[in-house]
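User: I would like a close look at one part of this protein. Please take the first helix and work outward from there to whatever it packs against.

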Amino acid sequence: IMLVLMLNSGLRASEVSHLQISDLDLDASMPRILVRGGKKRRPDEVDEVIISAKIAQVLKRWVRGKPTALPVFSTSLDGTKPISRKGIWRAVKELVRRSRINAKASPHTLRHRFIMDEIEAAQQSGQSNVYFISRRARHRGVGATLTYFHIEEDKMRTHLEQRKDRT
C-alpha cells in the first residue's frame with residue numbers, strides 16, 4: 001500500500017515516514033493528504049497532495065479503526081513507531097527483488113515515475129502545462145519540473161534516431 005501510494009502521489013520517502021493518520025482527508029470531494037514540512041520547507045508549511053478516489057478507498061481500509069494520532073505506516077506491533085526512510089528504501093529494494101526486475105530502484109524512482117506519468121498524461125490530453133505538473137510534483141519552481149521535459153525530449157530523440165523511416 002505504501003509503495004502504491006508513493007507511485008500514485010509523488011510523495012517523498014521523508015514525507016511518507018512522517019505521515020500521520022490525521023493528515024489524511026479521505027472523505028473530501030477531492031481526497032487529499034496534508035504534507036507538513038517536507039523538502040526544504042518550514043515545519044509549519046503544509047502542502048496538499050490530491051489523490052484518486054481509488055487510492056483514498058485503499059487508505060481508508062488500511063487505517064480503519066486506528067487512532068488518528070498514529071503514523072499511517074508503522075514498524076511496531078502497537079503501530080506507534082513510524083516507518084523510517086531506510087525502511088521505505090528496503091521495501092522498494094525488496095519489491096524489485098521479488099519482481100525479478102533487473103534494475104536499480106529507490107523511493108525516488110517512484111516519485112520520478114509519478115512525475116513522468118503526469119507529463120505523459122498531460123501530453124496525451126493536449127493539456128501539457130508545466131505549471132500544473134510542477135504544482136502536482138510540489139516543486140518549488142518550474143525549473144525542477146522542466147528537467148523532466150528534457151528527459152522526454154531525449155527519449156523522443158533516441159526514438160527518432162532508432163526509428164526506421166518509411167521511405
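Analyst: Start with the buried residues of helix H1, which spans residues 2–9. They are Met2, Leu3, Leu5, Met6 and Ser9. Around the helix axis they cover an arc of only 155°, which puts them on the same side of H1. The general rule behind this is simple: an α-helix has 3.6 residues a turn, so residues three or four places apart point the same way. Just after H1 comes Gly10, with a positive phi of about 75°.

Keep in mind that this is a predicted model. The mean pLDDT of the protein chain is 86, and 84% of its residues reach 70 or more. Among the elements, E1 has the highest mean pLDDT, at 97, and H7 the lowest, at 68.

What does the buried side of H1 pack against? Its partners are helix H2 (13–17), strand E2 (32–36), strand E3 (46–50), helix H3 (53–63), helix H4 (85–98) and helix H5 (107–125).

Next, the core. The largest nonpolar core has 28 residues. Leu5 of H1 is among those with the most contacts inside it, together with Ile33, Ile51, Leu59 and Phe73. H1, H2, E2, H3 and H4 each supply at least two residues of this core. A second, separate core has ten residues, including Phe114, Ile115, Ile119 and Phe149. In soluble globular proteins, nonpolar side chains tend to be buried together.

Ile51 shows how the parts meet. Leaving aside residues up to four places away in sequence, Ile51 touches Leu5 and Ser9. It also touches Leu26, Pro31, Arg32, Ile33, Ala56 and Leu59.

Two of those contacts, Ala56 and Leu59, lead to H3. The buried residues in H3 are Ile55, Ala56, Leu59 and Val63. Seen down the axis of H3, its buried residues fall within an arc of 100°, so they line one face of the helix. They pack against H1, E1 and E2. The face of H3 turned away from this buried side carries the exposed residues Ala53, Lys54 and Arg61. H3 is followed by Gly65, whose phi is positive, near 80°.

Now the strands. Three of them form an open sheet in the order E1-E2-E3, with antiparallel pairing. E1 (24–25) and E3 stand at the edges with a single partner strand each, so one side of each is left without a neighbour in the sheet. Two bridges join E1 to E2, and five join E2 to E3. A hairpin of six residues connects E1 to E2.

Ile33, already met in the core, can be placed in this sheet. Leu24 stands opposite Ile33 in E2. In E3, the bridge partner of Ile33 is Val49. Arg32 has a bridge partner in E3 too, namely Ile50. In general, strands of a sheet pair through backbone hydrogen bonds, either parallel or antiparallel.

Arg32 also brings in charge. Asp25 forms a salt bridge with Arg32, the closest N and O atoms being 3.8 Å apart. Are these two partners buried or exposed? Asp25 is partly exposed, with a relative accessible area of 32%. Arg32 has a relative accessible area of 17%, under the 20% cut-off, and so counts as buried.

A search of the whole structure finds ten salt bridges. H2, one of the partners of H1, takes part in some of them through Glu15. Arg12 forms a salt bridge with Glu15, with the closest N and O atoms 2.9 Å apart. Both Arg12 and Glu15 are buried. Glu15 also meets Arg138 in a salt bridge, at 2.8 Å from N to O. This second pair links distant parts of the chain, 123 residues apart. Glu15 lies in helix H2, and Arg138 in the loop between helix H6 (130–137) and helix H7 (142–162). Glu15 has a relative accessible area of 6% and is buried. Arg138, at 5% relative accessibility, counts as buried too. Together, Arg12, Glu15 and Arg138 are linked in a network of salt bridges.

To put H1 back in view: its buried residues lie on the same side of the helix. They pack against helices and strands, including H2, H3, E2 and E3. Leu5 ranks among the residues with the most contacts inside the largest nonpolar core.

Conventions. Residues numbered from 1 in each chain as written. Heavy atoms only, no water. Buried < 20%, exposed > 50% of the residue type's maximum accessible area, 1.4 Å probe, protein only. Helix = DSSP H or I, 4+ residues; strand = E, 2+ residues; numbered from the N terminus. Arc of directions from axis to C-beta. Contact = heavy atoms within 4.5 Å. Core = buried A, V, L, I, M, F, W, Y, C linked by side-chain atoms within 4.5 Å. Pairing = 2+ DSSP bridges. Salt bridge = Lys/Arg side-chain N within 4 Å of Asp/Glu carboxyl O. pLDDT = per-residue confidence, 0-100.
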